[in-house]
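Dear colleague,

I am passing on the structure below, and after it I set out what was found in it. Please read the notes with the coordinates open beside them.

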Amino acid sequence: MKKVFVAATAICVALSAPLMVSANDTIKFGVAGAHSGDLASYGLPSVNAAKLVIDKVNANGGINGKQIELLVEDDVCKPEVATNTATKLVSDGVDVVLGHICSGATKAALPIYKDAGVLVMSPSATNPALTQSGDYPNFARTIAPDDAQAQVDVEFALNTLGYTKIAVVHDKGDYGKGFAEFAKKFLEESGKAEVVLFEGVTPGAVDYSAVVQKVKRSGAEAVMFGGYHPEASKIISMMRKKRLKADFISDDGVKDNTFIKVAGKNSEGAYASGPKDTTSNPLSIQAVKEHKEAFGSDPGAFFENAYSATLAMLNAIEKAGSTDLDALKKALQTEKVDTPVGSIYFDEKGDAIGVGFSVYQVQNGEFVEL
């Protein structure tokens with residue numbers, strides 16, 4: 001495996017490379033995800049990440065003599081909108097796409113990109129089937145899949161917290177239900193715990209008291225939730241209102257500061273898995289510094305995964321001298337890239353080698369890696 005040390009500033013003009021990238025004057029780089037609505041806090045950091053990397057690359061001459069053009073489309077994390085988003089980007093001649101953010105929206109959009117031969121790389125879509133089914137050869141991601149995430153959470157619940165009765169709740173979506181099903185499977189296979197409840201809830205509901213009552217009656221010591229922070233904040237708040245002391249354990253769809261902001265004091269002590277802490281990585285430190293200088297704030301969820309995906313795709317384009325899907329996949333699988341999430345490359349299914357999950361807990365209003 002050839003190792004290439006790449007940072008945004010290190011991607012330079014390859015004057016001798018053939019100009020095979022596109023028939024257009026620019027390389028069209030799409031960013032698709034939730035840029036408005038309840039889940040915008042997951043999507044907007046990816047837009048910022050792409051802007052930071054692309055501005056630096058363009059300032060250094062672009063790639064293979066071409067500037068990179070940013071195309072941004074909002075899918076609100078809804079599958080029915082994502083298909084329109086993908087159609088719009090393809091019709092605009094997009095070469096590669098950073099996104100989508102939510103697994104359901106990603107799954108809906110991928111066939112459109114597949115038919116157009118467009119590489120898609122998500123910083124956050126963790127549904128295992130996106131890579132493991134073999135249906136989407138045009139897809140890759142810079143985050144580990146839900147089966148790996150669920151395994152981490154289950155092992156933590158069993159071996160660190162010592163629970164024997166666990167309720168598993170999900171939001172019925174591709175992401176949340178997928179995570180929950182793996183959690184249930186791993187819990188049952190362990191022989192150490194009983195799944196006392198497996199229940200789906202409706203996203204966007206005003207009141208989750210019914211499922212909280214079921215959890216209470218089940219005698220669960222903990223609730224393992226698959227889904228996103230809007231539902232999680234309501235469920236944990238209702239649990240505390242009903243004086244249900246069971247611990248709350250969830251996924252990276254909940255590990256967002258918006259969960260803490262909305263749930264307030266009820267979020268204290270809650271657990272959520274998320275990408276491993278990379279704050280000691282020099283490239284991570286640099287990326288966060290760039291974000292603060294450019295946007296006046298700390299970056300949000302999946303920012304570093306998006307920054308890394310942007311670096312990986314642009315490096316693949318440079319090395320391949322093309323945006324042809326097969327050429328890009330070959331480059332992704334053979335060229336190791338140094339990024340804020342680590343030194344990574346991709347397996348033949350599209351999963352990044354070198355990334356993983358950790359468990360975090362809300363302590364004094366902040367997520368702390370355990």
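At which residue does H3 bend, and by about how many degrees? The bend lies at Leu110 and amounts to about 35° (the angle between axes fitted to the seven residues ending there and the seven starting there), with a proline, Pro111, following within four residues.

Before going further, please note that this is a predicted model, in which local features need pLDDT of at least 70 and side-chain atom pairs count only at pLDDT 80 or more, while totals for chains, interfaces and linings use all residues. Residues are numbered from 1 along each chain as its sequence is written, and side-chain values use heavy atoms, with hydrogens and water left out.

Helices (H or I, at least four residues) and strands (E, at least two) are DSSP runs numbered from the N terminus. Helix H3 covers residues 103-116, and its 14 residues reach 20 Å from the first C-alpha to the last, close to the 20 Å expected at 1.5 Å a residue (1.5 Å times one less than the number of residues). Its buried residues (under 20% relative accessible area, 1.4 Å probe, protein chains only) are Ser103, Gly104, Ala105, Thr106, Ala109, Leu110 and Tyr113. After H3 comes Gly117, with a positive phi near 70°.

Helix H6 (residues 174-190) has end C-alpha atoms 24 Å apart, which agrees with the 24 Å that its 17 residues should span at 1.5 Å a residue. The buried residues of H6, including Tyr175, Phe179 and Phe186, pack against H3, helix H5 (146-160), strand S7 (165-170), strand S8 (194-200) and strand S9 (222-226). Gly226, located in strand S9, counts as buried because its relative accessible area is 0%. Leaving aside neighbours within four places in sequence, Gly226 is in contact (heavy atoms within 4.5 Å) with Val169, His170, Asp171, Gly176, Phe179 and Asp251.

Turning to another pair of helices, the axes of H10 (residues 282-295) and H11 (residues 303-320), lines fitted to C-alpha atoms over the stretch in contact, come within 11 Å and cross at roughly 105°, on a scale from 0 to 180 degrees between N-to-C directions. H10 is therefore roughly perpendicular to H11 (65 to 115 degrees). Ser284, Ala287, Val288, Glu290 and His291 of H10 make this contact with Phe303, Glu304 and Tyr307 of H11.

Finally, Ser124 sits in the loop between strand S5 (119-122) and helix H4 (129-132), and at 6% relative accessibility Ser124 counts as buried.

With best wishes

Technical notes
Angles under 35 degrees count as roughly parallel, over 145 as roughly antiparallel, 65 to 115 as roughly perpendicular and the rest as oblique. Buried means under 20% relative accessible area, exposed over 50%, partly exposed in between (1.4 Å probe, protein chains only).
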